[in-house]
Amino acid sequence: MKKLVVLTGAGISAESGLKTFRDSDGLWEGYSIEEVATPRAWARNPEQVLKFYNERRQAVRHAQPNRAHQILAELQDFFDVEIITQNIDDLHERAGSRKVLHLHGEIFKKHSEFDTELIEEVYEDMRIGELAPDGGRWRPAIVWFEEPVPKMMEAVPLVRKADLFLVVGTSLVVYPAASLIDYVAPDCPLFVVDKKIPYSVAGARLQVFENLASIGMEELKNQLLNQHI
């Protein structure tokens, strides 16, 4: 069974009603990234950071997987599918995908500000002053801007082993995640599904589906099943 490695971004969840800060002049639901998604923001105004992620958590709870998520789950019947996602939502898992690596963390988890390995699940609102067992404040288990992305160490080997590599719903401008495309083997077919194809990807082996994720994934699924299984 061929290994299909998929890199997904905010565009695959947009049709489920979840937005990215790149949708509106650098704002994410009315907030600037500097206000809510950096270590400096947490140090300066933790109440605002928690409020922002509480809102994101509730938005994800009410969102549902869309057709693009479902197609990736269906492809598991034909390929060894490994998903690397930049998204903090759980829509891939709820759609039925079994192998999902979250590069930037998960909205339904929290960790101690002292120890990123001290993790618990969280589904309700987080409140300031709640402490982890090690005495550190609980914070969202999200990789903020200006922080390292430790899951890259797991993602790179996956990409290198891909027989087929697919990019869905990402502009490929957020690093280091965008650099994963550089690790795709030279002979590995490369597919991109997005409503606006990133200018940074090109080449003879590249096949593009410039459309909404749900529509583009329907087209790609048919092609994959006809040509690559």
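**Notebook: sheet, cores and two helices**

I began with the strand order and found an open sheet of 6 strands, paired in parallel and ordered E5-E4-E1-E9-E10-E11. I noted strand E5 (100–102) and strand E11 (206–210) as the edge strands, each of which pairs on one side only. I then looked up the turn between neighbouring strands of this sheet, which is 15° on average, direction ignored. I record here that the model is a predicted one.

Next I examined one strand pair. E9 and strand E10 (residues 190–194) run in the parallel sense and pair over 4 bridges. In this region I found Val167 opposite Val192 of E10. I also looked for a helix on the sheet: helix H7 (residues 152–160) packs there and touches E1, E4, E5 and E9. I noted that the direction of H7 makes about 140° with that of E4.

I turned to the nonpolar cores. The largest has 25 residues, and I listed Ile84, Leu103, Val159, Phe165 and Leu180 as those with the most contacts inside it. At least two residues of this core come from each of E1, H7, E9 and E10. Which element gives the largest share of this core? I found that H7 does, with 5 residues.

I followed Leu180 further. Leaving aside neighbours within four places in sequence, Leu180 is in contact with Leu7, Ile84, Leu103, Met152, Ala155, Val156 and Val159. I also recorded a second, separate core of 23 residues, which includes Ile33, Ala41, Val49 and Leu91.

I then inspected helix H5 (residues 67–74), where Ala68, His69, Ile71, Leu72 and Ala73 are buried. What covers these buried residues of H5? I found that the cover includes strand E1 (3–8), helix H1 (10–14), strand E4 (80–85), helix H6 (91–95), strand E9 (164–168) and helix H8 (213–227). At the start of H5, I noted a side-chain oxygen of Asn66 that reaches to within 2.8 Å of the backbone nitrogen of Ala68.

My last entry concerns His92, which I located in helix H6. Is His92 buried or exposed? I entered His92 as buried because its relative accessibility is 0%, and the cut-off for buried is under 20%. The side chain of His92 makes a polar contact with the side chain of Thr8, at 3.0 Å. Not counting residues up to four places away in sequence, I found that His92 touches Thr8, Ile12, His69, Leu72, Ile83, Thr85, Ser97 and Val100. Of these, His69 and Leu72 I had already entered among the buried residues of H5.

How values were computed
Residues numbered from 1 in each chain as written. Predicted model: local features only at pLDDT ≥ 70, side-chain atom pairs only at ≥ 80, totals over all residues. Heavy atoms only, no water. Buried < 20%, exposed > 50% of the residue type's maximum accessible area, 1.4 Å probe, protein only. Contact = heavy atoms within 4.5 Å. Polar contact = N/O pair within 3.5 Å; in protein donor to acceptor, adjacent residues only side chain to side chain. Pairing = 2+ DSSP bridges. Axes fitted to C-alpha atoms, helices over the stretch in contact; angles between N-to-C directions. Core = buried A, V, L, I, M, F, W, Y, C linked by side-chain atoms within 4.5 Å.
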